[in-house]
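This report describes the strand pairing, helix packing and pockets of one protein model. The sequence and structure are shown first.

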Amino acid sequence: MSYAHPYRGLRVLDLGQGVAAPYCAQLLAIYGAEVIKVEPPEGDWGRSLGTTYAGRQSAVSAVFNRGKKSLVLDLRKEEARAVARRLAVQADVLIEGFRPGVAARLGLGYESLKTENPRLLYVSVSGFGQSGPYAARPCSDSAAQAFSGLIHAARGPDGTPHKSTAILSDVSTGLYAYQAVATALYARRDAAEGRWIDVSLMTGSAALLGHKLAEAMLEGGAPRLLNAPAGVYKTADGWIMITLVREDQFRKLCAILGQPALAEDPLFATFAQRADHIDRLVPIIRDLLLADTTDAWLAKLRAADLICDRINDFGDWLKDGHVQAVGAAVSTEHPGVGTVHVPRTPGAERASDDTIGLAPGLGQHSRSVLAAAGWSEAEIEGLIAAGAVAD
């Protein structure tokens, strides 16, 4: 056992597809768990999101399925369902991403499995949870961002709500599912039974909003802006982010912009007043910042200890000297795909990310997984001949 791989020896059955459930399983794999990823014959649909590379990989599948073993089961066949059930009975953790009720119909529901595996930790990741009027409703990252208020909170200057192109709902839900599993594994040391963990994109998305929900309700649904006039501004050659957290920082900003009188204007005296008159203040700051380059403004702002940074693209971030100095990104050569860059897992030992295997090809480990779980070579051949298993 080690800090890098504390879950070595833990057996995880990953029945999820896409991002949220697979990300939960992948975090367990990073920390040393053996994760068997069960896929349908056509593969996890995450394999076909975006550009598809050799080996039925996409950027999504190459990132969120690292360190797993791929087993192809056609769960429409009774023989395949029997295989999945037998693996579930041997597992410590099962993660599924079906719509509510589907796992039970496949004979893989928690209530059924716990009779044979009472200490099983069973994680269901769905759009709206296992109960309630919307439980059967289809959901996705985009829909969860819309439903939770994330898109509403991300309004542009013109008032139009904007969806984040980052898969925030999926990733946050996967993270919350992982922390629930990690907590349950700690508690299970003293518990006779496992538990059923219900995590949804709805709650995983809403949890990101933190104080915004409370703030909106306390202020009648229309809270004033925080940190005004913090925001994204265009410079002569790019874009810059400036934020303020203390009142005296506005005075410093005005001095740097060459307009100290702005700080004396009673309309802009406090955060609250600046928020109330933001439509008058922002155009002034916007025009002033266009007069010089991003680097020039950053130098002046940082000299005054103001919080600011350039708007990086992904290539800028990877090439940044600080990112490289602290090893904040991991790159691996993936056959048929190319160099895959992934941010390090925050808080993990470096070895956790450095030693994890590549995402598997579709069905790459079907035979070895079954052999290790007790199936004979003849039985495996029979399952493949029946179309229940594919390699």
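How many bridges join strand 3 to strand 12, and in which direction do these strands run relative to each other? The model examined here is predicted. In it, strand 3 (residues 68-73) and strand 12 are joined by two bridges and run antiparallel. Within this pair, Leu-73 is placed opposite Val-389 of strand 12.

**The seven-stranded sheet**

Strands 3 and 12 belong to an open sheet of seven strands, arranged in the order 6-5-4-1-2-3-12. The pairing in this sheet is mixed. Strand 6 (195-200) and strand 12 (389-390) have a single partner strand each, so they stand at the edges, with one side of each lacking a neighbour in the sheet.

Helix 1 lies across five strands: strand 1 (11-15), strand 2 (34-39), strand 3, strand 4 (93-96) and strand 5 (121-126). The helix runs at about 155 degrees to strand 4.

**The three-stranded sheet**

A further open sheet contains three strands in the order 7-8-9, and their pairing is antiparallel. Its edge strands are strand 7 (231-234) and strand 9 (307-310), each of which pairs on one side only. From one strand to the next, the twist averages 25 degrees.

Strand 8 (residues 239-243) is connected to strand 9 by four bridges, and the two run antiparallel. Across this pairing, Ile-242 stands opposite Cys-308 in strand 9. Helix 14 (residues 294-303) packs on the sheet and touches both strand 8 and strand 9. The direction of helix 14 makes about 160 degrees with that of strand 9.

**Contact of helix 6 with helix 8**

Helix 6 (residues 141-148) and helix 8 (residues 168-187) have axes that come within 7 Å and cross at roughly 90 degrees. This crossing angle means that helix 6 is roughly perpendicular to helix 8.

On the helix 6 side, the contact involves Asp-141, Ala-144 and Gln-145, which meet Leu-168, Ser-169 and Asp-170 of helix 8. By class, the contact residues of these two helices comprise two nonpolar, two polar and two charged.

**The largest pocket**

The largest pocket holds about 1600 Å³ of space. Its lining consists of 41 residues, and those nearest its centre are Ala-153, Ala-154, Arg-155, Gly-156 and Leu-225. Two or more lining residues come from each of helix 7 (150-153), helix 10 (211-218), strand 7, strand 8 and helix 13 (278-289). Strands 7 and 8, which are part of the three-stranded sheet, therefore also contribute to this lining.

Helix 13 supplies the largest share of the lining, with five residues. The lining as a whole has 22 nonpolar, twelve polar and seven charged residues.

**The second largest pocket**

The second largest pocket contains about 1200 Å³ of space. It is lined by 32 residues, of which Val-63, Phe-64, His-341, Val-342 and Pro-343 are the closest to its centre. At least two lining residues are supplied by each of helix 1 (20-30), helix 2 (59-64), helix 8, helix 15 (314-319) and strand 11 (338-343).

Two of these elements appear in the sections above: helix 1 lies across strands of the seven-stranded sheet, and helix 8 meets helix 6. By class, the lining of the second largest pocket has 25 nonpolar, five polar and two charged residues.

Terms used. Residues are numbered from 1 along each chain as its sequence is written. This is a predicted model: local features need pLDDT of at least 70, side-chain atom pairs count only at pLDDT 80 or more; totals for chains, interfaces and linings use all residues. Side-chain values use heavy atoms; hydrogens and water are left out. Axes are lines fitted to C-alpha atoms, for helices over the stretch in contact, and angles run from 0 to 180 degrees between N-to-C directions. Angles under 35 degrees count as roughly parallel, over 145 as roughly antiparallel, 65 to 115 as roughly perpendicular and the rest as oblique. Contact means heavy atoms within 4.5 Å. Ala, Val, Leu, Ile, Met, Phe, Trp, Tyr, Cys and Pro count as nonpolar, Asp, Glu, Lys and Arg as charged, and the others, Gly among them, as polar. Two strands pair if DSSP finds at least two bridges between them. On a 1 Å grid over the protein atoms alone, a cavity is a set of points where a 1.4 Å probe fits but cannot get out, and a pocket is an open set with protein on both sides within 12 Å along at least five of seven lines; lining residues have an atom within 4 Å of a point. Grid points are joined across faces, edges and corners, and a volume is the space filled by probe spheres set on the points.
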